[in-house]
Amino acid sequence: MPAKRVLMVIDMQNGVFDAPRFNRETCTTRINQLIDAAEKVIFIQHTEPGLEQGSAAFDLLPELIQPTDALYVTKTACDAFYRTELDELLQRHKINEFVVCGCATDYCVDATIKNGASRGYAMTVAFDAHTTANRPAALAEVLIEHYNDVWRNFTIPGNTLRVKSTAEILEQW
C-alpha cells in the first residue's frame with residue numbers, strides 16, 4: 001500500500017546554505033515537523049561543482065531529521081524531474097500525491113512543482129517551509145510570498161496545486 005503522507009524536501013544542503021537564506025531556523029523547524037509526521041520522505045539533493053556527492057557541501061543540513069527509510073534523488077538541474085529517477089521512484093512506490101518544501105523557492109522548488117503538476121502529481125506546497133536568498137531584483141521574503149501566490153493561482157486543468165501552512169498540513173495528516 002502506498003504511503004499517504006509523503007514529503008519531498010528539496011536542496012536543504014550545507015553548500016546551498018553557504019549563501020544566507022531567509023528564515024533558515026524557522027524553515028528547518030517546520031520541515032522537521034513535516035518529516036516527523038510523514039510516512040515517507042524523499043530528499044532531493046543538487047550536485048554540481050562545489051556540491052559534489054560525498055562532500056560536506058552536498059550533505060543535508062545537520063539539523064534536519066533523516067529517517068532511516070528516506071529516499072534520495074540526486075539532480076543536476078533546478079527541476080528535480082529533469083534527467084533523474086524521480087518519476088520512476090514515485091511510480092515504483094505508487095506515490096501520486098506529496099507535500100513539497102525546501103530551498104530555492106524561485107528556482108528548484110518552483111521548477112519541480114511546475115513539472116510535477118504537468119506530470120499529473122497532486123501536490124501541496126508548505127507555504128511556510130521553503131526558503132531562498134535575496135536576489136538582485138527582490139528580497140527573499142518578497143520572492144517567497146510571490147511564489148506562494150503564483151502557486152495558489154496556478155492553472156492546470158484536472159490537477160489542483162494546493163498551498164497550505166505546515167500547521168494545516170499536519171492537521172490533515
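This is a conversation between a student and a tutor about how terms are applied to one predicted model.

Tutor: Because the model is predicted, local features need pLDDT of at least 70 and side-chain atom pairs count only at pLDDT 80 or more, while totals for chains, interfaces and linings use all residues. Residues are numbered from 1 along each chain as its sequence is written, and side-chain values use heavy atoms, with hydrogens and water left out.

Student: How many helices and strands are there in the chain?

Tutor: The chain has five helices and six strands, where helices are DSSP runs of H or I with at least four residues, strands are runs of E with at least two, and both are numbered from the N terminus. Along the sequence they follow the pattern β-α-β-β-α-β-α-β-α-β-α.

Student: What makes the chain as compact as a globular protein of that length?

Tutor: Its radius of gyration is 15 Å, and the globule rule gives 16 Å for 173 residues, which is close, so the chain is as compact as a globular protein of that length. The radius is taken over C-alpha atoms, and the rule is 2.2 Å times the number of residues to the power 0.38.

Student: Why do strand 3 and strand 6 stand at the edges of the sheet?

Tutor: The open sheet of six strands has the order 3-2-1-4-5-6, with parallel pairing, and two strands pair if DSSP finds at least two bridges between them. Strand 3 (71–75) and strand 6 (162–164) each have a single partner strand, so one side of each is left without a neighbour in the sheet.

Student: How do you know that strand 5 and strand 6 pair?

Tutor: Strand 5 (residues 122–131) and strand 6 share three bridges in the parallel sense, and the definition asks for at least two. In one of these strands, strand 6, Lys-164 is the bridge partner of Ala-126.

Student: Which strands does helix 4 lie across?

Tutor: Helix 4 (residues 140–152) lies across strand 5 and strand 6, running at about 170° to strand 5, where axes are lines fitted to C-alpha atoms, for helices over the stretch in contact, and angles run from 0 to 180 degrees between N-to-C directions.

Student: Why is Asn-148, in helix 4, called buried or exposed?

Tutor: Buried means under 20% relative accessible area, exposed over 50%, and partly exposed in between, with a 1.4 Å probe and protein chains only; Asn-148 has 5% relative accessibility, so Asn-148 counts as buried. Leaving aside neighbours within four places in sequence, Asn-148 is in contact (heavy atoms within 4.5 Å) with Val-125, Phe-127, His-130 and Val-163.
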